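Welcome to a short set of worked exercises on charge pairs, a chain interface and a small sheet. Have your viewer ready and try each task before you read its solution.

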Amino acid sequence: MCRLVAITSNEYFSPVENILALETMKEGHDGSGLGLTLRDLGGEFEELKGYPILSGICSKKGVQMLNEFMHKAGFTLKDIWTPKIKHLKGIMRRDYYFARIYDYPESYRNKSMHEKEDLLMNIRLSLRKIGESDGSMFVFSFYPDVITLKEVGDPLQVYEFFGLDKNTIKAKIIFAQGRQNTNYVIYLYACHPFFIQGYCSMTNGENTAFVPIREFLMSRGFPGYLGYNSDSEVFTHTLHYTVRQLGLPLTYYKDVITPLKASELEMREDKEALKLLKHSLRPLCIDGPNVVIGFTPEGTCFMVHDSKKLRPGVVGGVRGKYALLSEECGLDRAIPERNKSEDIFPMKYDMVMVTPQAEEVRVWNQLQGT
Amino acid sequence: MEPATRNVDYLINVPRLDHNHQLSLREFPYIIRWRDDRCKRCGSCTAVCPVKAIEPTVKIQRIVQSEGALPTPVVVRKIVPIVEQVTDMDRYCTGCGACTLVCPNEAIEPEYNPQNKFLHYKNKGGEGYKRGGRRNDPSISTLDRLKFTRISMLTDPALDAGRHEFHVRTLLGRILPPEDLPLKKSNGKLMVDKMSDTFIPPVREIFPIMIGSMSVGALSPPMWEGLAMGVSYLNEVEGLPVVMCTGEGGVPPRLLKSKYLKYFIIQIASGYFGWDEIIHALPYMREDPAAIEIKYGQGAKPGDGGLLMAQKVLKLIASIRGVPQFIDLASPPTHQTKYSIEEAVAKMIQSMSMAWGFRVPVYPKISGTKTARAVLNNLARNPYASALSIDGEDGGTGAAYNVSMDKMGHPIASNIRECYLDLVKQGKQNELPLIAAGGIAKKGNLAANTAALIMLGASAVSIGKYIMQAAANCFGDEYNRCNLCNTGRCPRGITTQDPKLYRRLDSDKVAERVVEVFKSANVELKKIFAPMGRSTELPIGMSDGLSIDDKAMAERLEISYAC
């Protein structure tokens with residue numbers, strides 16, 4: 001079972017908070033990797049919010065290819081951030097870890113965000129394709145105000161390896177996953193959190209309905225639905241498909257992945273629409289055991305479970321700072337000053353949502369639809 | 001022993017052992033083992049034999065006996081009554097074993113003869129061998145070689161078949177792609193846009209095992225009634241939404257107007273038998289049928305029509321089908337009024353949909369074939385097509401040429417898989433349900449075969465032969481046992497219209513067995529899905545759950561190989 005820590009705040013904070021919470025939850029875990037997604041960046045990135053950031057890892061050969069490709073695609077490099085790598089035993093250092101800030105090609109500067117998002121995703125996919133066969137390039141995200149870092153190893157060590165303890169990098173939303181490798185070979189593209197066009201999620205547990213879900217997503221005709229080196233990537237794509245592609249409100253994500261039974265549907269005001277959705281999106285139904293923690297482009301963070309609730313999850317905090325985690329002890333470490341009696345342990349019908357800037361927490365009940 | 005009467009010719013000028021043009025019993029598929037010492041000569045076996053393969057006769061027995069203190073052997077000849085198997089190919093022993101059933105002393109039983117040359121001779125009068133049943137191939141089918149190998153262990157807890165809630169249901173009917181749903185947002189909630197002119201096709205939520213098309217006429221009254229009662233009970237009392245297809249041959253008038261019609265799929269085939277009555281009953285129907293199945297083909301006899309032999313067309317059958325009594329009722333191989341796939345499929349589906357105000361799913365049934373994907377692609381573009389049922393080569397029938405049954409058709413496993421993967425390529429795997437039939441539970445593994453087909457991509461399966469075997473003790477098997485369905489002399493009373501035969505069958509008992517079969521299949525399906533971590537939705541297309549012990553098969557089915 002992977003360890004998950006998502007923190008959302010109205011102030012910039014360091015990823016060390018996530019890492020320490022992960023460390024608290026370490027008992028029994030092998031710590032086979034760390035994935036970090038930072039959104040709403042502070043520090044040196046604060047002035048560059050409108051520019052897309054390409055996060056990834058390259059070999060020496062890969063850097064050359066990357067430069068050539070981006071130049072041809074019309075992107076201008078504005079800035080580069082690289083972690084200050086500290087050599088640590090047990091972590092294999094790759095050539096070049098980067099977060100490169102680009103300016104859009106001239107022709108795209110005045111286009112809508114929707115069009116820009118499609119361009120950024122297609123560029124990312126092309127780069128992935130170029131570097132995937134020989135491992136010369138890994139790209140995790142290409143989006144404004146978002147950085148993704150991933151590496152294999154114990155999370156605390158990876159954190160030190162990236163020199164984040166000495167760095168000033170901060171953000172208002174940080175997702176961290178402490179990987180517990182199960183039945184797949186450790187591969188960077190299999191590491192959470194997964195990101196696509198402003199939507200991000202990380203997951204606990206195996207996804208027993210993976211293959212039909214993957215086939216359904218891949219057959220939607222959307223170029224970004226590929227990869228699936230981890231069975232958890234489909235949760236991110238289902239989120240993106242539900243909210244961005246189908247234009248459904250976020251709460252319907254819960255209705256898509258864990259639809260209500262026919263008798264339960266009758267209690268909902270929108271039952272007629274739900275019945276149609278349930279049939280049409282039947283292949284996206286999950287069977288668990290999973291807890292999904294995600295964020296949307298406008299900055300709402302959420303947590304949902306499969307309908308059998310076979311994985312733990314807790315949400316708690318204070319106004320202005322909330323954490324969504326897989327274990328209670330991690331929450332104690334992340335936000336010790338909170339009132340513990342107000343912690344939320346979402347049950348099978350619940351979707352817990354923390355509004356942008358960690359303003360408030362809402363528990364949406366699927367049964368009542370409110 | 002020797003014959004009690006001798007042919008006069010033999011005595012005069014023919015050598016006695018020249019039986020050159022007679023067949024020996026070794027040529028026959030079943031040889032009767034009769035025990036002289038056990039038989040009490042009651043005659044039950046010879047009376048019950050549906051084909052008169054055995055008859056009472058007398059033989060002369062030569063006995064050497066001695067009486068008194070010293071050996072004084074004396075030869076005596078006694079005439080003894082015996083039971084004898086005839087060597088007439090028209091009266092071959094079918095191995096049904098009705099004789100064994102009625103024998104009070106276990107003195108008789110047929111034994112399968114693997115050396116038989118039955119098919120060499122079963123063409124007397126220049127007529128090919130016709131029979132009922134299914135393909136005579138007793139080997140292990142592909143379905144029975146599929147294993148469920150993705151077991152949830154520790155990294156993902158297996159579910160508890162007894163404790164967790166399971167939803168073993170499927171959808172019969174066309175499903176709109178999510179992008180096409182007529183929905184609008186109002187205060188953050190989704191509502192169905194009533195002003196939209198998008199057609200929302202009818203969909204039924206059913207149990208994924210259906211009883212396939214077997215007509216009133218092909219089946220005896222108690223058999224059909226037993227199935228119908230069982231299905232109704234499962235729905236009304238057990239809450240298991242099992243549906244059953246009527247086959248071609250109409251529907252009993254009382255059922256047409258009853259509230260139970262909703263559990264029945266009405267079939268229309270190329271003979272259109274019974275449809276005059278069905279159409280006339282439309283204004284009186286209290287419920288819509290579950291669906292309409294348009295039969296274009298049948299797995300047991302692909303490209304062949306249907307035939308109800310004259311001897312089965314009794315008064316009730318004649319009245320339901322709207323035909324005179326005692327005439328052969330032939331359904332042509334194709335729908336004669338149609339001439340192209342657009343005509344045969346699209347217009348017919350639309351016409352049938354229209355008859356019920358577009359409230360009833362309408363789908364075609366075809367035989368398993370390499371061309372199934374062509375039909376599928378036609379249907380995938382037809383907004384009124386509700387499903388596609390594919391009947392594989394192991395499907396059963398009441399009457400067909402043996403060559404059609406044994407050699408024609410396509411196995412269901414790869415046919416359903418390629419169709420499903422074709423739909424996946426088009427992104428329509430959830431829009432058009434595939435129904436698989438033909439050879440399901442051939443070896444009795446109903447739930448396992450069903451689950452395997454579902455994981456290969458079927459939304460539901462249809463059973464026919466199996467339910468006759470399980471619910472009414474049909475003798476038929478893949479060693480050509482019995483298979484007399486076409487003759488109207490079914491020894492179990494399942495496929496006959498002869499009251500003397502069908503009174504052997506108790507419709508209540510059939511109904512009881514139908515209920516038992518489906519209830520146990522429901523439990524067994526859960527026992528398969530639970531360890532694989534699936535309970536909320538049917539694992540349609542969950543091919544990572546399956547493996548097979550043959551590399552070529554694994555490659556063809558695009559599943560893993562395990563040994």
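Does A:Asp343 count as buried or exposed, and at what relative accessibility? At 10% relative accessibility, A:Asp343 counts as buried, where buried means under 20% relative accessible area, exposed over 50% and partly exposed in between (1.4 Å probe, protein chains only).

A word on ground rules: this is a predicted model, in which local features need pLDDT of at least 70 and side-chain atom pairs count only at pLDDT 80 or more, while totals for chains, interfaces and linings use all residues. Residues are numbered from 1 along each chain as its sequence is written, chains are lettered from A and ligands numbered from 1 in the order in which they are written, and side-chain values use heavy atoms, with hydrogens and water left out.

**Exercise 1. Sort three salt bridges by the exposure of their partners.**

Step 1: fix the rule. A salt bridge is a side-chain nitrogen of Lys or Arg within 4 Å of a carboxyl oxygen of Asp or Glu. Over all chains, the whole structure holds 51 of these salt bridges.

Step 2: return to A:Asp343. Its salt-bridge partner is A:Arg338, at 2.7 Å from N to O. A:Arg338 is buried, at 5% relative accessible area.

Step 3: turn to B:Asp37, whose salt bridge to B:Arg35 has its closest N and O atoms 3.4 Å apart. Here B:Asp37 is exposed at 63%, and B:Arg35 is partly exposed at 40%.

Step 4: take B:Glu431 and B:Lys428, a salt bridge with closest N and O atoms 3.7 Å apart. B:Glu431 is buried at 8%, whereas B:Lys428 is partly exposed at 21%.

Step 5: look for shared partners. One network of salt bridges joins A:Glu328, A:Asp332, A:Arg338, A:Lys340 and A:Asp343.

**Exercise 2. Describe how chain B meets chain A.**

Step 1: list the residues in contact (heavy atoms within 4.5 Å). Chain B supplies 45 residues and chain A supplies 39.

Step 2: find the buried area, meaning the accessible area (1.4 Å probe) that two parts lose on being put together, summed over both. For chain B and chain A this is about 3700 Å², with 56% of it on carbon and sulfur atoms. On the chain B side, B:Leu190, B:Asn430 and B:Glu537 lose the most area to chain A, together 16% of what that side buries.

Step 3: pick out the charge pairs. The interface has 4 salt bridges. B:Arg534 forms a salt bridge with A:Asp287, with 2.7 Å between the closest N and O atoms.

**Exercise 3. Work out the order and pairing of a sheet in chain B.**

Step 1: define the parts. Strands (E, at least two residues) are DSSP runs, numbered from the N terminus, and two strands pair if DSSP finds at least two bridges between them.

Step 2: read the order. In chain B, an open sheet of 3 strands runs E7-E23-E24, with mixed pairing. Strand E7 (147–148) and strand E24 (560–561) of chain B are the edge strands, each pairing on one side only.

Step 3: inspect one pairing. Strand E23 (residues 546–548) of chain B runs parallel to E24(B), and 2 bridges join them. To place the pair in your viewer, find B:Ile548, which stands opposite B:Tyr561 in E24(B).

How values were computed:
Helix = DSSP H or I, 4+ residues; strand = E, 2+ residues; numbered from the N terminus.
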